[in-house]
Amino acid sequence: MAENGENNGGRHQEVGHKSLLQSDALYQYILETSVYPREPEPMKELREITAKHPWNIMTTSADEGQFLNMLLKLINAKNTMEIGVYTGYSLLATALALPEDGKILAMDINRENYQLGLPVIEKAGVAHKIDFREGPALPVLDEMIADGKYHGTFDFIFVDADKDNYLNYHKRLIDLVKIGGVIGYDNTLWNGSVVAPPDAPMRKYVRYYRDFVLELNKALAADPRIEICQLPVGDGITLCRRIS
């Protein structure tokens, strides 16, 4: 994991770098060969703006942004949701992938971070696809479920937010995503800490959320309502396809 761009003993210096590849040179090869040459200009601009933010480690990595953009096109997503926006890199990747009349319900507790990326999103001509809501997502989800008309209406949902609420999100999102639709949970390998011994040295926030991530992974693997695929992209992303 990068430390705000510092060269930490030869670690990869890219902002948002969460690659679990053993070789940083191999990750750099992927970025320089396949990701950066095809990265849309607005995404590059937002990535560079985000790099200057003190919390830049929270951003979605460029290779994961490319993956999400491709995935959304493959499943022909039109109505989507994102929980956890930060400056909007993954949100922009989504907005660029959706058709002109596509929609994204985007929720984050911090509007200020979103507004950092909003000028780039507006310049890219996709701001009209985004319905941004500031505040906790759980009350919004509860309202949608109580309303009744949102059940099974979302093609794709991306969650990159408070790990201690991932299971609470899942209990609600499984009703909101359509059968055949996909939920993507980010950070499910959590810095590789999921296989670290309990006494291994790790940052406080990594240790705090580790058990929540482990609990989520077990729950998703046992959930008969979904098919799952856990990928070592970025910091680990688990795709859940609703089947019932």
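Colleague: Across which strands does helix α8 (residues 204-222) lie?

Modeller: Helix α8 lies across β5, β6 and β7 (contact means heavy atoms within 4.5 Å), and runs at about 135° to β6. Helices (H or I, at least four residues) and strands (E, at least two) are DSSP runs numbered from the N terminus. Angles run from 0 to 180 degrees between N-to-C directions, with axes fitted to C-alpha atoms, for helices over the stretch in contact. The model is predicted: local features need pLDDT of at least 70 and side-chain atom pairs pLDDT 80 or more, while totals for chains, interfaces and linings use all residues. Residues are numbered from 1 along each chain as its sequence is written, and side-chain values use heavy atoms, without hydrogens and water.

Colleague: In what order do the strands of the sheet come?

Modeller: The open sheet has seven strands in the order β3-β2-β1-β4-β5-β7-β6, with mixed pairing; two strands pair if DSSP finds at least two bridges between them. At the edges are β3 (130-134) and β6 (226-231), each paired on one side only. From one strand to the next, the twist averages 15°. Strands β5 (residues 177-186) and β7 (residues 237-242) are antiparallel, with five bridges; Gly184 has Leu239 in β7 as its bridge partner.

Colleague: How do α6 and α7 pack?

Modeller: Two packed helices are described by the angle between their axes and the distance between the axes. For α6 (residues 137-147) and α7, the angle is about 30° and the axes are 10 Å apart. Residues of α6 including Leu138, Leu141 and Ile145 meet residues of α7, among them Tyr169, Leu173 and Leu176. Helix α7 (residues 166-176) also lies across β1 (79-83), β4 (154-159), β5, β6 and β7, at about 160° to β5.

Colleague: Which residues other than glycine have a positive phi?

Modeller: Most residues other than glycine have a negative phi. Asn76 has a positive phi, near 55°, and Asn187 has one of about 70°. Asn76 sits in the loop between α3 (62-74) and β1, whereas Asn187 is in the loop between β5 and α8.

Colleague: Is Asn187 buried or exposed?

Modeller: Asn187 is buried, at 5% relative accessibility, whereas Asn76 is exposed, with a relative accessible area of 63%. Buried means under 20% relative accessible area, exposed over 50%, and partly exposed in between (1.4 Å probe, protein chains only).

Colleague: Which side chain does Asn187 join in a polar contact?

Modeller: The side chain of Asn187 joins that of Asp235 at 3.0 Å. A polar contact is a pair of N or O atoms within 3.5 Å; within protein, one must be able to donate a hydrogen and the other to accept it, and residues adjacent in sequence count only if both atoms are side-chain atoms. Asp235 is in the loop between β6 and β7 and is buried, with a relative accessible area of 1%.
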